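Biologist: Could you take me through the packing in this model, one question at a time?

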Amino acid sequence: MATKIRLQRGGHKGYAFYSIVIADARAPRDGRFTEKIGTYNPNTNPATVDLNFERALYWVEVGAQPTDTVRNILSKEGVYLMKHLRGGVKKGAFGEDAVQAKFDAWKQAKEKGFEAVREKDAKAKKDLAAKKLEAEKKVNEAIAAKVAEKKAAAAAAQAEAAPAEEAAAEAPAQEA
């Protein structure tokens with residue numbers, strides 16, 4: 001029996017959510033499967049992967065063929081790196097402790113990269129918010145200047161109208 005590691009679709013229309021499963025190559029995409037080894041949610045940024053690392057490594061080592069998408073997921077999670085390092089142990093190139101040290105170093109480097117990207121995104125969001133706030137302040141200042149100008153014009157018009165009204169009121173009083 002040829003086994004495949006593939007995605008099994010879930011979720012609803014417009015919001016796909018996948019399970020990473022081990023299935024017979026002849027089984028349909030959403031059909032019967034042997035084992036569920038994780039989930040993949042492409043709707044989040046970055047995509048969320050929850051994977052049972054040991055079971056995924058076991059199935060890759062016994063020859064289960066992943067689909068292209070699953071191969072990329074497993075590669076990013078380090079399953080193929082661990083398989084490669086374990087192959088070196090079998091050949092006697094280095095010991096089990098060296099494998100774990102190399103894998104941990106790779107994992108830490110990967111986390112540093114993710115952290116740098118997160119910090120860059122947070123800084124970009126902060127800068128964008130600051131620019132928007134500054135633009136809004138300029139717009140508000142321009143509106144305030146227009147309002148002050150209109151109030152000054154209205155006050156000036158009222159000031160001109162007040163002496164004319166007084167003169168008009170005094171004229172009938174002098175006639176009487």
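The exchange below turns to one strand residue and then to an aromatic pair.

Modeller: This is a predicted model, in which local features need pLDDT of at least 70 and side-chain atom pairs count only at pLDDT 80 or more, while totals for chains, interfaces and linings use all residues. Residues are numbered from 1 along each chain as its sequence is written, and side-chain values use heavy atoms, with hydrogens and water left out.

Biologist: Is Q8 buried or exposed, and what is its relative accessible area?

Modeller: Q8 belongs to strand β1, residues 3-12 (strands are DSSP runs of E, at least two residues, and helices runs of H or I, at least four, numbered from the N terminus). Buried means under 20% relative accessible area, exposed over 50% and partly exposed in between, with a 1.4 Å probe and protein chains only. Q8 therefore counts as buried, its relative accessible area being 13%.

Biologist: How are the rings of F53 and F103 arranged: stacked, edge-to-face or tilted?

Modeller: Rings of Phe, Tyr and Trp (its six-membered ring) pair if their centres lie within 6.5 Å, and planes under 30 degrees apart count as stacked, over 60 as edge-to-face and the rest as tilted. By this rule there are four aromatic pairs. In the pair of F53 and F103 the centres are 5.5 Å apart and the planes at 50°, so the arrangement is tilted.

Biologist: Which helices does the pair of F53 and F103 tie together?

Modeller: F53 is buried at 18% relative accessibility, and F103 is buried at 7%. Because F53 lies in one helix and F103 in another, the pair ties together parts 50 residues apart in sequence, the helices being α1 and α4.
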